[in-house]
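Dear colleague,

I am passing on the structure we spoke about, and I would be glad if you could look through it with the notes that follow it. They begin with one local detail and then work outwards.

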Amino acid sequence: MKKGKAAIRILILLTVIQMLQNLLVPKYVTQFREGALTGEYYANAGDNDVILIGDCEVYENFSPVTLWEEYGITSYIRGSAQQTIWQSYYLLEETFTYEIPQMVIFNVLSMCYDTPEHTGRQSQREAYNRMTLDTMRWSASKWKAICASMTAQEKEQGGMLTYLFPLLRYHERWNQLTQEDFTYCFHREAVAHNGYLMQTGVKPVQNDYVQPPLADYRFGQNSWAYLERIRTLCEEHGVRLVLIKAPSLYPIWWPQWEEQIEEYAASHNLMYLNLLEQQAQIGLDWNTDTYDAGLHLNVCGAEKASKWLGKILMEECGVPNRQKDAQLCARWAQKERAYREEKGE
Amino acid sequence: MKRLWIVFLAGMVLAGLVGCAVTEHQTQEENWTLTLGQIQITLGTPAEPVVTALGESQGYTEEPSCAFDGLDKTYDYGSFYLATCPIDGIDYVYRIWFVAADVATEDGLYIGLEKGGAEDICGKDCFRNSNACIQIQGNSKRMVLLKDDRVSSIEYTWIVE
């Protein structure tokens, strides 16, 4: 009898802790929507012939709904804010436990961040890590992704423990709670369309972007090692890997970086598409197709980029048109509706 | 049950300690300061007075981050660029880099200066086996690059946590 009461008390205690945690963790529904992207995949896992991985250059520049509507290609973007290459690798490793696509498309910009310390301001890095990793389901891949991602500062301030128990990280949010935290305490609404985060604004490019020259343009050893792991992982699963550079004007994609990726792609017989070099063919207009002056495309630009990409995937890579599959059509019809609704059509 | 609550409270205390730990990263040294024209610019200080004093720029770009509010800003002053970054709603001087020979650092570095001259200023060891010399001062760094045995780039950056 005593044991029974103790068990009930433990259960109540755990429930209270869980509820507190649910309340205090960021919801990523109206603010910092990027933080919801990783977690939204699980409801959409399976039947995706193409998986795109990378940072905002994929989740804001390509539209899976357009790929479906124009070519019948099923795809999902496993993107997240400033996703590093080690995170891409572990997200891909995890994805392969849910489905084996025909093709993986990896955006190569993250090659320039060799270690967590190379990724810019450390206070933002921690927040970016959270946005990518917090909603990832627990698995060996998540564990390894966290280990690879933590900055020295994160390790000093609780490290893995704060990922295992997010309450430890977010307890101090109690005085910053908003209506969103209560509304989405137990459920979330999807913010993306198969991983695509729609932007409908327009802000034309005004001036050319500049950055100071680098001391060394060689990608770091860690980046190369993870690119090689991505390639090998795809090879082991019989998945074709395609490398892309999305058409974003900033951060600057240096010619020296381009040469290294071209060389790597050629030496491993990989297709590499640099969309920055295909702007005219894509039909990009920097007065109308970007919402932030050229860093990312708006929905109009993303649809153009997707049409261009889809044509190559279908004609040159043989990715099939799945529009004859009634079940898939029904599922995608729902996605199209949500997409049209947000687009305002 | 008491023990359970003790464990729970201990957990909360631990949580408090974990979340509130702050890493202090300060040095006694001042950050790099440049004098461009009549204007003194110190890395890591509020940018607004500097931008006002420098007057209208020849060009200007804004670079949002992947997800955060606030904009990195870059001002083109012809001979040099000034980049700022926002922290808690205030823009700070984040980076300055020279692109023409008509501006020089206070210790005499300028674009086009011969390697020997740069070594005299930065120290011979700084360029050892490399085309780059990086010098840290306070929470800022100066990077001087050589190309064809001449200074090709001079860049100051605030090391922001």
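Ala293(A) is placed in the loop between helix H14 (279-282) and helix H15 (299-315) of chain A. Please keep in mind that this is a predicted model. The phi angle of Ala293(A) is near 65°, which is a positive value in a residue other than glycine, and Ala293(A) counts as buried, because its relative accessibility is 8% and the limit for burial is under 20%.

A second residue invites a comparable look. Asp47(A), in the loop between H2 and strand E1 (50-54) of chain A, has a phi near 60°, again a positive value in a residue other than glycine. Asp47(A) is partly exposed, with a relative accessible area of 37%. Among the backbone details there is also a cis peptide bond, with omega at about 0°, which joins Tyr250(A) and Pro251(A); Pro251(A) belongs to the loop between strand E4 (240-245) and helix H13 (255-267) of chain A.

As for the chain as a whole, the secondary structure of chain A comes to 16 helices and five strands. The radius of gyration of chain A is 21 Å, close to the 20 Å that the globule rule gives for 345 residues, so chain A is as compact as a globular protein of that length. Taken along the principal axes, the C-alpha atoms of chain A fill a box of roughly 75 × 55 × 45 Å. Of the 345 residues in chain A, 57% are buried, and among the contacts between residues at least 6 apart in sequence, 83% join residues at least 24 apart.

In soluble globular proteins, nonpolar side chains tend to be buried together. The largest nonpolar core here has 53 residues, and those with the most contacts inside this core are Phe62(A), Ile105(A), Leu273(A) and Leu313(A). H15(A) gives the most to this core, with seven residues. Leaving aside neighbours within four places in sequence, Leu313(A) is in contact with Val50(A), Ile73(A), Met103(A), Ile105(A), Gly318(A) and Val319(A). Apart from the largest core lies another, of 44 residues, which includes Tyr90(A), Val108(A), Tyr163(A) and Leu227(A).

The aromatic residues deserve a paragraph of their own. Over all chains the structure holds 24 aromatic pairs. In one of them, the rings of Tyr41(A) and Tyr42(A) have their centres 5.8 Å apart and their planes at 70°, so this pair is edge-to-face; Tyr41(A) is buried, with a relative accessible area of 0%, and Tyr42(A), at 10% relative accessibility, counts as buried too. For Tyr196(A) and Tyr339(A), the ring centres are 6.3 Å apart and the planes stand at 40°, so the pair is tilted. Because Tyr196(A) lies in the loop between helix H11 (179-183) and helix H12 (221-236) of chain A and Tyr339(A) in helix H16 (residues 326-343) of chain A, the pair ties together parts that are 143 residues apart in sequence. Tyr196(A) is buried at 0% relative accessibility, and for Tyr339(A), likewise buried, the relative accessible area is 0%. In addition, Phe219(A), Trp224(A), Trp253(A), Trp257(A) and Tyr264(A) form one aromatic cluster.

Two charged side chains are placed over rings. The charged end of Arg130(A) sits over the ring of Tyr163(A), 3.8 Å from the ring centre, and that tyrosine is among the residues of the 44-residue core mentioned above. Lys335(A) lies over the face of Trp332(A), at 5.3 Å from the ring centre.

Finally, which residues does Arg33(A) touch, not counting those up to four places away in sequence? They are Tyr28(A), Val191(A), Leu197(A), Met198(A), Gln199(A) and Glu342(A). Arg33(A) itself is found in the loop between helix H1 (2-24) and helix H2 (37-40) of chain A. With Met198(A) there is a polar approach, in which the backbone oxygen of Met198(A) lies 3.3 Å from a polar atom of the side chain of Arg33(A). The C-alpha atoms of Arg33(A) and Val191(A) are separated by 6.6 Å, although these residues are 158 residues apart along the chain.

With kind regards

Key
Residues are numbered from 1 along each chain as its sequence is written. Chains are lettered from A and ligands numbered from 1 in the order in which they are written. This is a predicted model: local features need pLDDT of at least 70, side-chain atom pairs count only at pLDDT 80 or more; totals for chains, interfaces and linings use all residues. Side-chain values use heavy atoms; hydrogens and water are left out. Helices (H or I, at least four residues) and strands (E, at least two) are DSSP runs, numbered from the N terminus. Contact means heavy atoms within 4.5 Å. A polar contact is a pair of N or O atoms within 3.5 Å; within protein, one must be able to donate a hydrogen and the other to accept it, and residues adjacent in sequence count only if both atoms are side-chain atoms. Buried means under 20% relative accessible area, exposed over 50%, partly exposed in between (1.4 Å probe, protein chains only). A nonpolar core is a set of buried Ala, Val, Leu, Ile, Met, Phe, Trp, Tyr and Cys residues joined through side-chain atoms within 4.5 Å. Rings of Phe, Tyr and Trp (its six-membered ring) pair if their centres lie within 6.5 Å; planes under 30 degrees apart count as stacked, over 60 as edge-to-face and the rest as tilted. A charge sits over a ring if NZ of Lys or CZ of Arg is within 6 Å of the ring centre and within 35 degrees of the ring normal. The radius of gyration is taken over C-alpha atoms; the globule rule is 2.2 Å times the number of residues to the power 0.38.
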